[in-house]
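Subject: The structure we talked about

Hi there,

Here is the structure I promised to pass on, with my notes below it. Have a look at it first, and then see whether the notes help you find your way around.

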Amino acid sequence: MKDDLVEKLMDEVMRKMGSTEAPAAPAAEKPAAKAAPKACNLTEFVGTAIGHTVGLVIANVDPLLHEKMNIDRKYRSIGIVGARTGAGPHIFAADEAVKATNSEVVLIELPRDTEGGGGHGSLILFGAEDVSDARRAVEVTLSELNRTFGDVYGTPAGHLEFQYTARASHALHKAFGAPLGQAFGITVGAPAAIGVLMADTAAKAATVVPVGYASPGNGGTSHSNEVIFMFTGDSGAVRQAIIAAREVGKQVLSTLDGAEIVSSTKPYI
């Protein structure tokens, strides 16, 4: 009898405990899936990069375009790199692409652009007999841009740009007249007044040989508000001249709007 009573009491206690258990937590909601980046399924599309840059390839150029674009007919395929912002970074990147592939730069043009800024955009065409070389040239150019944008500094008031290579190839020769196989550098400053000061600083800082000087109305710019100084010489001297000009340019540009002068990616010079 006593055992029956104890068993009933225990059953009652367990029943009450069961009725007070918290309801099971609802299943956690799955996080919303991130929107996939825009894709392009065209076979002509190669990729994009910094500076609103797009890379494309045409496997078989129409013969009519060969004639109108003044491209040698042996270049059946062309690689195309176009950008809203940046000319120097793209030309120096294209120079690396020429070294790495069986291709040739057949056209370099500098549109007046920078998306409203003081400088250029760019259009570069690679010619190749095989489409794989044209595509590879574009791929190398796009991959190099994070490096070559390393010494590009922009603010709402203007921009500075510095480029260097230890061994210039055909892209730099075509664009700037750089001596093949030699160290080569450029300084670019906007507003143009800063570019003039940087050119003088670079020339005085080390023993370099001037290759070219471009201002808003002369020397190949598209009437952009910048001055470009191009020079060659011993590798160490070219680098020293660029570094000296960079320090002066950053100090002056910072006075225009007080903005911090920071690299577009990571400085490489």
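Let me begin with one pair of residues: Thr187 has Phe229 in E10 as its bridge partner. This is a predicted model, so please read everything below in that light. Strands E8 and E10 run antiparallel and are joined by 7 bridges.

These two strands belong to an open sheet of 5 strands, with antiparallel pairing and the order E6-E7-E8-E10-E9. At its edges are strand E6 (152-155) and strand E9 (208-214), each of which pairs on one side only. Ignoring direction, neighbouring strands here are turned by 10° against each other on average. Helix H3 lies across E6, E7 (158-165) and E8, and runs at about 20° to E7.

The other sheet

A second set of 5 strands also forms an open, antiparallel sheet, in the order E1-E2-E3-E5-E4. Strand E1 (45-49) and strand E4 (104-109) each have a single partner strand, so one side of each has no neighbour in the sheet. From one strand to the next, the twist averages 15°. H3 (residues 88-100) packs on this sheet, where it touches E2 (53-58), E3 (77-83), E4 and E5, and its direction makes about 10° with that of E5. H3 therefore turns up in both descriptions: it touches strands here, and it lies across E6, E7 and E8 as well.E4 and E5 (residues 122-128) are antiparallel too, and 5 bridges join them. One residue pair to look for is Leu107 and its bridge partner in E5, Leu125.

Helix H4 (residues 131-148) lies across E1, E2, E3 and E5, and it runs at about 10° to E1. From first C-alpha to last, the 18 residues of H4 reach 25 Å, close to the 26 Å expected at 1.5 Å a residue. Its buried residues are Ala134, Ala137, Val138, Val140, Thr141, Leu142, Glu144, Leu145 and Thr148; you will notice that Glu144 is among them.

The cores

Which residues have the most contacts inside the largest nonpolar core? They are Ile124, Phe126, Leu172, Phe176 and Phe184, in a core of 33 residues. At least two residues of this core come from each of H3, E4, E5, H4, helix H5 (170-176), strand E8 (183-190) and strand E10 (227-233). Another core, of 22 residues, lies apart from it and includes Leu160, Phe231, Val238 and Ile261.

Ile124 is a good place to centre your view. Leaving aside neighbours within four places in sequence, Ile124 is in contact with Gly79, Ile80, Val81, His90, Ile91, Ala94, Val105, Leu107 and Ile108. Leu107 on that list is the residue whose bridge partner is Leu125.

A few residues to click on

Is Arg246 buried or exposed? Its relative accessibility is 11%, and the cut-off for buried is under 20%, so Arg246 counts as buried. Arg246 sits in helix H7 (residues 235-257). Not counting residues up to four places away in sequence, Arg246 touches Asp151, Tyr153, Phe162 and Ile269.

Two residues other than glycine have a positive phi, and they make a nice pair to look at together. For His52, phi is near 50°, and the residue is in the loop between E1 and E2. His52 is exposed, with a relative accessible area of 56%. For Asn70, phi is near 55°, and that residue is found in the loop between helix H2 (63-68) and E3. Asn70 counts as exposed as well, at 71% relative accessibility.

There is also a cis peptide bond, from Ala190 to Pro191, with omega near 0°. Pro191 lies in the loop between E8 and helix H6 (192-205).

The protein as a whole

To step back, the protein has 7 helices and 10 strands. Of its 269 residues, 43% are buried. Among contacts with a separation of 6 or more, 67% are between residues 24 or more positions apart. The protein exposes about 14600 Å², and carbon and sulfur atoms supply 56% of that area.

Happy to go through any of this with you whenever it suits.

Best wishes

Key. Residues are numbered from 1 along each chain as its sequence is written. This is a predicted model: local features need pLDDT of at least 70, side-chain atom pairs count only at pLDDT 80 or more; totals for chains, interfaces and linings use all residues. Side-chain values use heavy atoms; hydrogens and water are left out. Two strands pair if DSSP finds at least two bridges between them. Helices (H or I, at least four residues) and strands (E, at least two) are DSSP runs, numbered from the N terminus. Axes are lines fitted to C-alpha atoms, for helices over the stretch in contact, and angles run from 0 to 180 degrees between N-to-C directions. Contact means heavy atoms within 4.5 Å. Buried means under 20% relative accessible area, exposed over 50%, partly exposed in between (1.4 Å probe, protein chains only). Accessible areas come from the Shrake-Rupley method with a 1.4 Å probe; for residues, only the protein chains shown count as cover. A nonpolar core is a set of buried Ala, Val, Leu, Ile, Met, Phe, Trp, Tyr and Cys residues joined through side-chain atoms within 4.5 Å. The expected span of a helix is 1.5 Å times one less than its number of residues.
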